[in-house]
Each structure stands twice: as C-alpha cells, then as structure tokens.
Amino acid sequence: MKNLPLIEFNPKLPKLSKNEKDVLKLLVEAGRLIAPLYAEQEKEAENGVSRGEIDKEGKKNASILSPYTVVKKENGKLIATPYHIYYKKFLDPIVEKLNHASNISQNREFAKFLSLQAKALLDGSYDDSTAAWLKMKPYIVDISIGPMEHYDTDFFFAKAAYRGWVGIIDKDSTKKLEYYKTVTLSARRKAIGSGERVENHERVKGKVINEVLVSGLMARTKFVGMILPMTLRLVEKYGSDVTVFNQTNDLRIKEQIIPVFNKIFSPGFRQGFEVEDLRAGSLRYVMLHELAHNYLYYKNAKNLGSLLPVIYELSATVLGMKIAGTLLIKDIITNKQLESMIIAFICRSFDLIKKSKENKSTINYALGGSIFINFMLKNEALRQYQGLAIPNFMKIFVSLHELSLILEMLLSSGSRKDAEDFIKKYGQ
C-alpha cells in the first residue's frame, strides 16, 4: 500500500535473552499490522460524517460521541459501531500476535499486560489494559498498541486513532528523564487562576526508548514524546506515563529541524550550534514538555472545546522551557543547552507551519507554533531581517514567562471565546 503509516528502525540494542528476542519479534509483527488499520481510518475520515452532524446526534445518542465508535449514515440516520466490532478483521491477527507473545513471555507482569491489551482490542475494555500498563514495573521491552484519543479533533472528530510503537528501554537516557522529573515535579507549583487542577506528581512514570517500529498515528505525526492516558478521569485514577523516542527524534532533526535551521539563521549564527546540540536540545525540550503536562490538568480546560489541543500543547512546551530555568539555576543544564532547546522548537514550528496543509494530523501543533513565533515577534524577542530570524535569548526567556501565564489562565479559567480571541490575535 502506497504511503503506508509505518516506520521501522534498526537501533543498536542491548544484549537480549532468547526469550526477549522472541517476544520482541512477535510484537514487531503486531505493530506492523496497525499500519493498514490506521490507513483505513484515514480513508474513512476523509469521507466521513461531518462534525456538526456528530455533535447534533450525539446529544441524543452517547455512543455517537464515544472515541471508540465508527459513525456512518444509513438511510439518513447515524449509526455508531464499536471499534472492536467494526475493525475486527484487522484486529484478529494483531490479537493473535499479542496472545502468542503473552504466552511465551517469561516476565509474568508483562505477559499479563499483553493479554489484557489483546482482550481490549477484541471487546473494548481499554481501561483495564491502560490500568495494567500504568501499574506495570519497567521492563526492557516496551510496547503501546491500540486506539488512542488524539488531540487533533478536527481530523478524526474526537475519535481515537490507532497507533503502535515497539522498542527497547534506553537505560541511560531514562535515568536523565527520571532526574529531570525529580527536579521539576518535586516542587508544589501553585495552580494559576481559580480553576481546580488534578495533582498527579507522585504517579508519573517515565522512560526513553530506542524504537524498533512506530506505526499508525505515530508514523504519521512522528511524535518524539507522548504522555498517556489523555483522559483526565484515568489520569486522576491511575497516574500518567511519559515516553520519549530516540529514533524519531533523530528523524525529526534530519527531516525537519536541520533544513529549517540552515534556511532561517545566518551562517555566523549557525556556527554556534552543532547538529548534536540541536539533537540533544530537541530531545530535552520534548522531555520537559511531556513532564510539564502534569502541571496542566485543569478541569476547566474542557470548556475550550475544539481549541483545547492548541492551547494545551503549546502551554506544555512553553512551561517546559520555563521549567528549564530551574535546571539552569541548579547547573543541571547550561545556557547553550537551553538555547539549543529554543532553537530546536523554533525550527520545528516553522516546519509544521509550512507542512500544515499537507499533514492534517499535526495542524494544531502548527497553529501553536504560529502563536509562539508571532508572540516572540511582537515582544521583539525574535526579529526578521532579510529573510533571516534573529533571536534574543534573554527576551525570549522573559516572554516565555508572560506567554506561559496567558496560556495557563486560559486552561484554568478561560472560555472557548477567550481561546478563540487569543488564537485570532497570534495564530495567523
């Protein structure tokens, strides 16, 4: 199938036992099978029912609004079919692979999770598999496979998108992420505004993996970081899990950041940053972005409606960079490393803006990037001269504080109209 949403990597892996290799092989085979399923979702999204129709009918029929149903129009009436029924022919071979891996795995806890995940794909018991995943002790093999509620609600009409990844834990990078987590989440940071917030700091897991495969949504978006679950009810009950991806970050550097970096910055400026600076800067800002999410679980945020993804994701990035100031003060990172984070995000933003018409699955991130750049231009923290970008890092860091406050106020106590006005002002 042309343009199948599947990326396979060949990372250098640690020594694995025969059993771990056998389990990994089966999981990679399962992950590959997600790609045609997601491609089917993409095709249906392009020819599906309008969001307006879904919202209207959903007031009378809750199953229409479920993230895990396919909605079709039959004889003028909307019909919702659960994912596990509608996509059964795609799911059966995936379940077979997961059950086989569960049966042979010598790690009992991991085997139980695989079994529950297979069951969830067949009967829709996603909460059970999510709970098992969040409670599970770290294991050298890492997998996430199944439907995920995706923030880009304009694309799938708030429906969950199938995604998968399979990889091996990078122990050294995971230790760094754990250290950042300890430093950044140990402080009892006050909520902004009057909005009630879910406090989740003691139940945050984190890991960095070397991916063998990403498929479905993950292959389309090439996300470098992910925090799950995305449902506030589950976060409040079970906590959250941060995953950061080494190989996808390398791909982002090569395909997105370096081309933009070479285009928008002067030769003199570019001499101050090596490719490794930008690679590490990208990985670092993603780590802090995902950790910052844990300060942003405001119950009011749902009132922003379809504009929530833009505000929520940008707020996590801006707060993450602001938190990096704590790491700088404690000599955990250097000025150069903080600057590399900022440059990597600026380049990522320009790339997303350029490609947003082609890639609808990242359109909300592109809009967030537009807001960031325009806000920095307005504050003269970023200037343009003869087609080149000229950053003032001191002004950028001061502007980060101001922007972070605005975004978090929107999440904690803002309305959809407030978010709409803000996006109109800075999102062009």
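# A walk from the largest cavity outwards

The largest cavity, our starting point, has a volume of about 320 Å³. Bear in mind as you look around that this is a predicted model. To find the spot, select His289, Glu313, Thr317, Arg348 and Tyr365, which lie nearest the centre of the largest cavity. They belong to a lining of 25 residues.

Now colour the elements around the largest cavity. Strand E7 (225–228), helix H15 (275–292), helix H16 (308–329), helix H17 and helix H18 (363–378) each supply at least two residues of this lining. Which of them gives the most to the lining of the largest cavity? Helix H16 does, with five residues. If you colour the lining by residue class, you will find 14 nonpolar, seven polar and four charged residues around the largest cavity. How many cavities of 30 Å³ or more does the count come to? The count comes to two.

**Next stop: the second largest pocket**

Select Arg220, Glu358, Asn359, Lys360 and Ser361, the residues nearest the centre of the second largest pocket. About 520 Å³ of space lies in this pocket, and 25 residues line it. Strand E1 (6–8), helix H2 (34–46), helix H11 (217–221), helix H13 (246–264) and helix H17 (335–355) each supply at least two residues of that lining. Helix H17 gives the most to the lining of the second largest pocket, with four residues. Helix H17 is also among the elements that supply at least two residues to the lining of the largest cavity, so keep it highlighted while you switch between the two sites. By class, the pocket lining divides into eight nonpolar, seven polar and 10 charged residues.

**Along the backbone: three places to inspect**

Start with Leu228 and Pro229. A cis peptide bond joins the two, with omega at about -5°. Pro229 sits in the loop between E7 and helix H12 (232–238), and E7 is one of the elements you coloured around the largest cavity.

Go next to Lys222, in the loop between H11 and E7. Lys222 is not a glycine, yet its phi is positive, at about 55°. Is Lys222 buried or partly exposed? Its relative accessibility is 21%, so Lys222 counts as partly exposed; the cut-off for buried is under 20%.

Then select Glu380, in the loop between H18 and strand E9 (382–385). Here again is a positive phi, of about 60°, on a residue that is not a glycine. Glu380 counts as partly exposed because its relative accessibility is 47%, and exposed would need over 50%.

**Into the interior**

Select Asn210 in strand E6 (residues 204–216). With a relative accessible area of 12%, Asn210 is buried. What is Asn210 in contact with, leaving aside its neighbours within four places in sequence? Show Pro11, Lys12, Leu13, Gly167, Ile168, Asp170, Asn246 and Gln247 to see these contacts. For a distance label, pick the C-alpha atoms of Asn210 and Thr248: they are 8.9 Å apart in space, with the two positions 38 residues apart in sequence.

Helix H8 (residues 126–135) is the next selection. Why is H8 described as largely enclosed by the rest of the structure? Seven of its 10 residues are buried, so the description follows from that count. To see them, select Tyr126, Ser129, Thr130, Ala131, Ala132, Trp133 and Leu134.

For another long-range pair, take Leu405 in helix H19 (residues 393–413). Leu405 counts as partly exposed because its relative accessibility is 34%. Draw a line from its C-alpha to that of Val318: the separation is 9.6 Å, for residues 87 apart along the chain.

**Zooming out**

Finish with the whole chain in cartoon view, where there are 20 helices and 10 strands. Its radius of gyration is 21 Å, close to the 22 Å that the globule rule gives for 428 residues, so the chain is as compact as a globular protein of that length. Along its principal axes, the C-alpha trace spans about 55 × 55 × 45 Å.

A surface view goes with two further values. The chain exposes about 19,200 Å², of which carbon and sulfur atoms supply 53%. Of the 428 residues, 58% count as buried. For a contact map, consider the contacts between residues at least 6 apart in sequence: 76% of these join residues at least 24 apart.

Definitions and conventions. Residues are numbered from 1 along each chain as its sequence is written. This is a predicted model: local features need pLDDT of at least 70, side-chain atom pairs count only at pLDDT 80 or more; totals for chains, interfaces and linings use all residues. Side-chain values use heavy atoms; hydrogens and water are left out. On a 1 Å grid over the protein atoms alone, a cavity is a set of points where a 1.4 Å probe fits but cannot get out, and a pocket is an open set with protein on both sides within 12 Å along at least five of seven lines; lining residues have an atom within 4 Å of a point. Grid points are joined across faces, edges and corners, and a volume is the space filled by probe spheres set on the points. Ala, Val, Leu, Ile, Met, Phe, Trp, Tyr, Cys and Pro count as nonpolar, Asp, Glu, Lys and Arg as charged, and the others, Gly among them, as polar. The radius of gyration is taken over C-alpha atoms; the globule rule is 2.2 Å times the number of residues to the power 0.38. Buried means under 20% relative accessible area, exposed over 50%, partly exposed in between (1.4 Å probe, protein chains only). Contact means heavy atoms within 4.5 Å. Accessible areas come from the Shrake-Rupley method with a 1.4 Å probe; for residues, only the protein chains shown count as cover.
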